[in-house]
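Me: Hi! I have a structure open and would like to talk it through with you. Mind if I just fire off questions as they come?

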Amino acid sequence: MRVAALYDIHGNIDALEAVLEEIDEPDAIVVGGDIAWGPFPRLTVERLATIEIPVLTLQGNADREVAAGQTSAGGWVDEVNTWCASQLTEEQRASLGNLPATVTLVGEIGEVLFCHATPRSDEELITSQTPDAALIEVLGGVKTPIVVCGHTHTQFDRNVSRWRVINAGSVGLPNEDLPGAYWLDLEGDRLQLRRAEYDYEATASRIRTSGCPYSERFEDSILQPTTAAEATAHFESLRKGRH
Ligand SMILES: [Mn+2]
């Protein structure tokens, strides 16, 4: 079995195209949620619908919020959310609202559970630096030995207790040391964290004229992403604040 996991595309159609060009005839694609919220919501949703190999799509927090037309975050995030919702048809929004939270696949590597943030939540924060005890608490009831997640937009691959936890990274809005479209290639018993390149300057200029509010924020994060270390430290401080 070969599976390409494409997480957190976030309306970045060019990044999605770059990954689709790089993937080598997988048996299936798992789209790990947070599809439309970003500069090209409609193009992204429509492109995913044209893929001819089986696509299993999960719901991320942003998909849930775009479908509902509101976010819990408020501020600029909510403004972008309202705009994204306005770019989609009612049918496209309804389908974002109806996606499953998790999917499980079985391959040579064993059973793999795909979720957006954690198996129990579409917005809980876990990172490469989350202490083992906290991660074990999050994974408590999970029977599947391999868990693939996203949401925090930084790739990692770690073992804790009886689990292997992999963050597939973000296709469209990575928090990584280099720009790129980050994804996970699962082939047989091998898991490979990958990065595709595309023309970041061209994408940034395209975003500038997309009509998406706060377009400069998207341009900046594509040209010069928040680094993995900065993002991880930020998410760890938020995570500690919640517990
Ligand atoms: Mn998310």
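Me: Which residues does L6 touch, leaving out those up to four places away in sequence?
Reply: Happy to help! In this predicted model, L6 touches V19, I29, V31, G32, V171 and W183 once residues up to four places away in sequence are left out.

Me: And what is the bridge partner of L6 in strand 2?
Reply: That is V31, which also appears among the residues L6 touches.

Me: Where does L6 stand in the largest nonpolar core?
Reply: That core has 58 residues, and L6 is listed with A5, V148, V171 and W183 as the members that touch the most other members. As general background, nonpolar side chains in soluble globular proteins tend to be buried together.

Me: How many residues of strand 1 are buried?
Reply: Four of its five residues, so strand 1 (residues 2–6) is mostly covered.

Me: Which way does strand 1 run against strand 9, and which way against strand 2?
Reply: Strand 1 and strand 9 (residues 181–187) run antiparallel, joined by four bridges. With strand 2 (residues 28–31), strand 1 pairs in the parallel sense, also over four bridges. V3 shows both sides nicely: its bridge partner in strand 9 is L186, and in strand 2 it is A28.

Me: What is the strand order in the sheet that includes strand 1?
Reply: The order is 3-2-1-9-10, an open sheet of five strands with mixed pairing. Its edge strands are strand 3 (55–57) and strand 10 (190–196), each pairing on one side only. Neighbouring strands here are turned by 20° against each other on average, ignoring direction.

Me: Which strands of that sheet does helix 1 touch?
Reply: Helix 1 packs on the sheet and touches strand 1, strand 9 and strand 10. The direction of helix 1 makes about 30° with that of strand 9.

Me: Switching to the other sheet: what is the order with strands 4 to 8?
Reply: You get 4-5-6-8-7, again an open sheet of five strands with mixed pairing. Strand 4 (102–107) and strand 7 (156–160) are the edges, and each pairs on one side only. On average, neighbouring strands are turned by 20° against each other, direction ignored.

Me: How many bridges join strand 5 to strand 6?
Reply: Three, and the two strands, residues 110–115 and residues 146–149, run parallel. F114 stands opposite V148 in strand 6. You met V148 before, in the group that touches the most other members of the largest nonpolar core.

Me: What does helix 6 touch on that sheet?
Reply: Helix 6 (residues 132–139) touches strand 6, strand 7 and strand 8 (163–167). The direction of helix 6 makes about 85° with that of strand 7.

Me: Okay, helix 7 now. Which of its residues are buried?
Reply: Those are T203, A204 and I207, in a helix spanning residues 200–208. Seen down the axis of helix 7, they fall within an arc of 100°, so they line one face of the helix.

Me: What do the buried residues pack against?
Reply: They pack against helix 1 (13–22) and helix 8 (215–223).

Me: Which exposed residues sit on the face turned away?
Reply: E201, A202 and S205 are carried there.

Me: I was also looking at Q70. Where is it?
Reply: Q70 is in the loop between helix 3 (61–68) and helix 4 (75–87). Leaving out residues up to four places away in sequence, Q70 touches E65, D78 and N81.

Me: Why does Q70 count as partly exposed?
Reply: Because Q70 has 13 C-beta neighbours inside 10 Å. A residue would need 20 or more to be buried, and 12 or fewer to be exposed.

Me: Last topic, the whole chain. How many helices and strands are there?
Reply: The protein chain has nine helices and 10 strands. Of its 243 residues, 45% count as buried.

Me: What does the radius of gyration say?
Reply: A compact globule with 243 residues would have a value near 18 Å, and this chain has 17 Å, which agrees. The C-alpha atoms fill a box of roughly 50 × 40 × 35 Å along the principal axes.

Me: And what share of contacts joins residues at least 24 apart?
Reply: 69%, counted among contacts between residues at least 6 apart in sequence.

Technical notes. Residues are numbered from 1 along each chain as its sequence is written. This is a predicted model: local features need pLDDT of at least 70, side-chain atom pairs count only at pLDDT 80 or more; totals for chains, interfaces and linings use all residues. A nonpolar core is a set of buried Ala, Val, Leu, Ile, Met, Phe, Trp, Tyr and Cys residues joined through C-beta atoms within 7 Å. Two residues are in contact if their C-beta atoms, placed from the backbone, lie within 7 Å. The arc is that of the directions from the helix axis to the C-beta atoms. The radius of gyration is taken over C-alpha atoms; the globule rule is 2.2 Å times the number of residues to the power 0.38. Two strands pair if DSSP finds at least two bridges between them. Axes are lines fitted to C-alpha atoms, for helices over the stretch in contact, and angles run from 0 to 180 degrees between N-to-C directions.
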